[in-house]
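Please open the structure in your viewer and keep the sequence panel beside it. The stops below each name a selection and then describe what is found there.

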Amino acid sequence: MTAHEVDYRIYGEEMQYVEIELDPQEGVVAEAGSFMMMDDGIKMETIFGDGSQKDTGFLGKILGAGKRILTGESLFMTAFYNDLVGKRNVSFASPYPGKIIPIDLTEFGGKFICQKDAFLCAAKGVSVGIEFSKKLGRGLFGGEGFIMQKLEGDGMAFVHAGGTMARKELQAGETLRVDTGCIVGFDQTVDYDIEFVGGIKNTIFGGEGLFFAKLQGPGTVYVQSLPFSRLAGRVLASAPRGGGKDKGEGSVLGGLGDLLGGDNRF
């Protein structure tokens, strides 16, 4: 498998986007909804699965696309090709505040495992598949971290981390415990399992869930401070309910504080 060699540049701080430079006949594949802008002369094509050469034939393409359903993604991906003589640029934006992480798969032994909603785009030829869990604990209690995506090949891939990103280099035998939703991705050499928090008070009153991920080195681990599920949960918790009243956040006076502060909605 030989992926297209693409150049890139990442712009922005909190709401980043990646601009990928395509030479003639080079291409990039991306998740639906991540496209931002492109130069004239780039052809856009909707494809089954990830468009890599790994799943050949009609049945192979169907199976490759079907795996994506298990990760909650669409059957289709979008490919962008440069059909002209000169270089052209295409850009993809992060879905919410955070950081875009460039992953050179050659530095990770040709395989990188990431959270199911972390993948943003990759050079044409990179395979985007599913990493099945072989351990019962992960399957029963893994939650967000149960079904992971795997990126395979020898090209560049780009994943998104919500909030602030932390990169941890684990030595052999070194262990890191992480909230399952805060995992962005990790090296294929990292051993991944689910561990019970333990303790009656932690279980009933901890508020952090009953399980967390146990990552054991050697290898590289990427962790995010703001997973999308946590962001969505906070937004839903603060949304107006039952007649359109909000929580009056930031004021001990609640709705009266909104009225005095100039928010005169009833």
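Which residue forms a salt bridge with Lys111? In this predicted model, select Lys111 together with Glu131, since the salt bridge is formed with Glu131 and the closest N and O atoms are 3.2 Å apart. The two residues belong to distant parts of the chain, with Glu131 in strand E11 (residues 127–131) and Lys111 in strand E9 (residues 111–115), 20 residues apart. If you colour by accessibility, Lys111 counts as buried, because its relative accessibility is 17% and the cut-off for buried is under 20%.

**Further salt bridges**

The count for the structure comes to 5 salt bridges, and two others are worth a stop. Select Glu13 and Lys99, whose side chains meet in a salt bridge at 3.8 Å, N to O. This pair also links distant parts of the chain, for Glu13 lies in the loop between strand E1 (7–11) and strand E2 (17–22), whereas Lys99 lies in strand E8, 86 residues apart. Glu13 is exposed, with a relative accessible area of 53%, while Lys99 is partly exposed, at 27%.

Next, select Asp23 and Lys87, where the side chains meet in a salt bridge at 4.0 Å, N to O. Here Asp23 sits in the loop between E2 and E3, and Lys87 sits in the loop between E6 and strand E7 (88–93), so that 64 residues separate two distant parts of the chain that the pair links. Asp23 is partly exposed, with a relative accessible area of 24%, and Lys87 also counts as partly exposed, with a relative accessibility of 49%. Add Glu21 to the selection, and you will have one network of Glu21, Asp23 and Lys87, joined by salt bridges that share partners.

**The sheet**

Now switch to a cartoon view and select strands E5, E6, E3, E10, E13 and E8, which in that order form an open sheet of 6 strands with antiparallel pairing. Which strands stand at the edges? They are strand E5 (42–48) and strand E8 (98–104), and because each has a single partner strand, one side of each is left without a neighbour in the sheet. Looking across the sheet, you can follow a twist that averages 20° from one strand to the next.

Within the sheet, zoom in on strand E3 (residues 27–30) and strand E6 (residues 76–82), which run antiparallel and are joined by 4 bridges. To find your place in this pairing, select Ala30, which stands opposite Thr78 in E6.

**A nonpolar patch on the surface**

Turn on the surface and select Phe35, Met36, Met37, Met38 and Met44, which together make a nonpolar surface patch of about 440 Å². Strand E4 (residues 35–38) gives the most to this patch, with 4 residues. Among them is Met37, which has its place in strand E4 and is partly exposed, with a relative accessible area of 38%.

**Two cysteines**

For the last stop, select Cys121 and Cys182. Are these two residues buried or exposed? Cys121 counts as buried, at 0% relative accessibility, and Cys182 is buried as well, with a relative accessible area of 8%. A disulfide is a covalent bond between the sulfur atoms of two cysteines, and the structure holds 0 disulfides.

Terms used: Residues numbered from 1 in each chain as written. Predicted model: local features only at pLDDT ≥ 70, side-chain atom pairs only at ≥ 80, totals over all residues. Heavy atoms only, no water. Pairing = 2+ DSSP bridges. Axes fitted to C-alpha atoms, helices over the stretch in contact; angles between N-to-C directions. Patch = residues over 30% accessible without salt bridge, like charges linked within 9 Å, V, L, I, M, F, W, Y side chains within 5 Å. Areas by Shrake-Rupley, 256 points an atom, 1.4 Å probe, with all protein chains shown as cover. Buried < 20%, exposed > 50% of the residue type's maximum accessible area, 1.4 Å probe, protein only. Disulfide = S-S within 2.5 Å.
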